[in-house]
Number of protein chains: 2
Amino acid sequence: MAKSYLDLVKECNNFPYYENDPAFYTANLKNYHSFKVTGCDAILGYIPNEVVNKLRLPSSCWAVDSSNRTVTLVTASHATPTQRSALMAQTLAETIRWGEFEILKGWRNEMYPIYGPEGEFLLEMERSATPLFGIVSYGVHLTGYVEAEDGSGLKLWIPRRSRTKQTFPGMLDNTVAGGMSTRERPSECAVREAMEEASLPEDVVKANAVAAGCISYVYIRDSRAGGETGLLQPEVEYIYDLKLPANVIPKPCDSEVEEFYLLSIEQCKQALANGEFKPNCALVLIDFFIRHGILTPENEPDYLEIISRLHRLLEFPTRTAFQ
Amino acid sequence: MAKSYLDLVKECNNFPYYENDPAFYTANLKNYHSFKVTGCDAILGYIPNEVVNKLRLPSSCWAVDSSNRTVTLVTASHATPTQRSALMAQTLAETIRWGEFEILKGWRNEMYPIYGPEGEFLLEMERSATPLFGIVSYGVHLTGYVEAEDGSGLKLWIPRRSRTKQTFPGMLDNTVAGGMSTRERPSECAVREAMEEASLPEDVVKANAVAAGCISYVYIRDSRAGGETGLLQPEVEYIYDLKLPANVIPKPCDSEVEEFYLLSIEQCKQALANGEFKPNCALVLIDFFIRHGILTPENEPDYLEIISRLHRLLEFPTRTAFQ
């Protein structure tokens, strides 16, 4: 059955909202422990209860409070990010040694940051482990498009993910997309990924990419994501529009992309309805359609709800300034 | 002191969020009664407790439950919108006769709709009374802009509100903005208001206005809004960008606008920081800055939080299809 745009949004932003059903929201939270660090009141992520039982959390540096359902990385009160990160790394190394988590087999050797409520950098951890702790991760998504000279509208450059990729193999993606590691700025990440994934030169990206907002959501991982299901992935994706001249053709560069297609808006809509897009990429495309007047209040009944759900106020601290 | 963009967003979207402080949110709700109608489970709006005491609510058609803090318009289970609207109109007429509410002195003779959870039209009521019941209201905001031919960037057409207007006199506004009455579509409202407020002809608006999303927020009315303070105003504003040729000059038409200025982005930023814009118009401008790459993740530290707070998921049912 064809998926509506709201179906697609809810499939990716599928952690309950308090606003929709306070009782259900509160009951559901009992399935998770809150991840915290010494000296910071904020909840940094939610860990499913069964994950808490399987993580190797030495009592020298972890306090698990099962009545309040908190898991706290315990350090001296003025620990540095380096110290916290080292403890996290040791914990993950020990957890891997016991082979408990399928998801850790996708080890990336990329570090993702965790921030506190004042935007302070608290620690970093291996990317593939972030869904175990349910921390916020950050990425950039660029929508590359061409405006037809004959006025027939926009066409979008859409890649198909490699069928051998660990996550969402063979699904359609955004022109350029990737995760931001600890010290990376969004514009740097955009330039790097544009070359790695689409062979787009730096000067083209710098001249044509325009920041156009972000989307934010909390994704409960399903089987398509690979590894354990039910893990939380709160995410922020910084959005860029990339209007390309007709003679600039994205090409696969690394092994992540199989092929690029130049699709009309109608073809994109059809592929969305068929569920062919990676879940969060569908959201970026829907946001593009809204900002460009393709979806309107008069042709899309769920317009308001879609727009709100594309921009979730996360209940965890998020990244602020980029130095 | 200069206001940040996040200050401006929080000034307009100032009803607490559960996500920020569950305990405070829950305690604060005790200051309100929920507005409901027979046969519909959904909460349609929040009425401050002191307003409940001052409204004239005949027991023939209203049930006030002070332990559950609900105010229900009581009808036969299959009442029609016309029947519900008639009871509401009688209630407001009686309330006005007692002269209890300053806000009702701004009677508009415009009807605003209330929708149920399936998007069904439940009833309509006089515009000026909507903040008493805290129901969602809808409007359109158009940002008229000119792209300089010399590449020096965008300039925006910004009106100053008449100094004799009841609400927000003398403040800066969006190029065209207005509330949507019951049977109006957003694009119709845009065309009507563009002529009424800015003397912009229908063909110019139809050819150049592009739907670009919406903003949504819950505003606790302050003294600048006129009438009682502390009333809730959940609002959805449908956003249109209106790129105008250099030779199209908006001009005041009715008595609502004093003068139009063509301001540079820098001048708009300064006026925002000075608090010169009507609160919700500041939000529309900030959303414009985000969509056009003027504010970016790298020049605006509160980027993520601003974007989420511009698109609040309302806890009340909202309008869906337009027939």
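Which side chain meets that of A:Glu11 in a salt bridge? The partner is A:Arg224, at 3.5 Å from N to O. Here a salt bridge is a side-chain nitrogen of Lys or Arg within 4 Å of a carboxyl oxygen of Asp or Glu. A:Glu11 sits in helix H1 of chain A and A:Arg224 in the loop between S10 and strand S11 (232-243) of chain A, so this pair links distant parts of the chain, 213 residues apart. Both ends count as partly exposed, A:Glu11 at 24% relative accessibility and A:Arg224 at 26%; the cut-offs are under 20% relative accessible area for buried, over 50% for exposed and partly exposed in between (1.4 Å probe, protein chains only).

Before going on, some ground rules. This is a predicted model, in which local features need pLDDT of at least 70, side-chain atom pairs count only at pLDDT 80 or more, and totals for chains, interfaces and linings use all residues. Residues are numbered from 1 along each chain as its sequence is written, chains are lettered from A and ligands numbered from 1 in the order in which they are written, and side-chain values use heavy atoms, with hydrogens and water left out.

Now back to helix H1 of chain A, residues 5-12. Helices (H or I, at least four residues) and strands (E, at least two) are DSSP runs, numbered from the N terminus. The buried residues of this helix are A:Tyr5, A:Leu6, A:Leu8, A:Val9 and A:Cys12. They sit on the same side of H1(A), because they cover an arc of only 160° around the axis; the arc is taken over the directions from the helix axis to the C-beta atoms. The general rule is that an α-helix has 3.6 residues a turn, so residues three or four places apart point the same way. What do the buried residues of H1(A) pack against? Their partners in chain A are strand S10 (209-220), helix H8 (265-273), helix H9 (279-291) and helix H10 (303-309), with contact meaning heavy atoms within 4.5 Å.

Helix H2 of chain A (residues 22-29) can be read in a similar way, its buried residues being A:Tyr25, A:Asn28 and A:Leu29. Seen down the axis, these fall within an arc of 100°, so they line one face of the helix. The buried residues of H2(A) pack against strand S1 (32-37) and strand S2 (40-48) of chain A. A:Asn28 has a relative accessible area of 12%, which means that this residue is buried. Leaving aside neighbours within four places in sequence, A:Asn28 is in contact with A:Phe15 and A:Pro16.

Over all chains, the structure holds 44 salt bridges. In one of them, A:Glu147 pairs with A:Lys243, the closest N and O atoms being 2.9 Å apart. A:Glu147 lies in strand S7 (residues 137-147) of chain A and A:Lys243 in strand S11 of chain A, so the pair ties together parts that are 96 residues apart in sequence. A:Glu147 is partly exposed at 44% relative accessibility, and A:Lys243 is partly exposed at 38%. In chain B, B:Glu305 forms a salt bridge with B:Lys10, with 3.7 Å between the closest N and O atoms. That pair joins helix H10 (residues 303-309) of chain B, home of B:Glu305, to helix H1 (residues 5-12) of chain B, home of B:Lys10, across 295 residues. B:Glu305 is partly exposed at 25%, as is B:Lys10 at 37%. Back in chain A, salt bridges that share partners join A:Lys3, A:Glu11, A:Asp222 and A:Arg224 into one network.

How do the two chains relate? A rotation of 180° with 0.0 Å of shift along its axis superposes chain B on chain A, with an RMSD of 0.0 Å; the fit is by least squares on the C-alpha atoms of residues with pLDDT of at least 70 in both copies. That is the relation of a two-fold axis. In chain B, the C-alpha nearest the axis belongs to B:His311, 3.2 Å from it.

The contact takes 42 residues from chain B and 42 residues from chain A. Of the interface residues of chain B, 100% are also interface residues in chain A, so the copies meet through the same surface. Together the chains bury about 3400 Å², 65% of it on carbon and sulfur atoms, where buried area is the accessible area (1.4 Å probe) that two parts lose on being put together, summed over both. B:Glu298, B:Leu304 and B:Leu313 supply 23% of the area that chain B buries against chain A, more than any other three residues. The count between the chains is 2 salt bridges, and A:Arg185 and B:Glu298 meet in a salt bridge at 3.0 Å, N to O.
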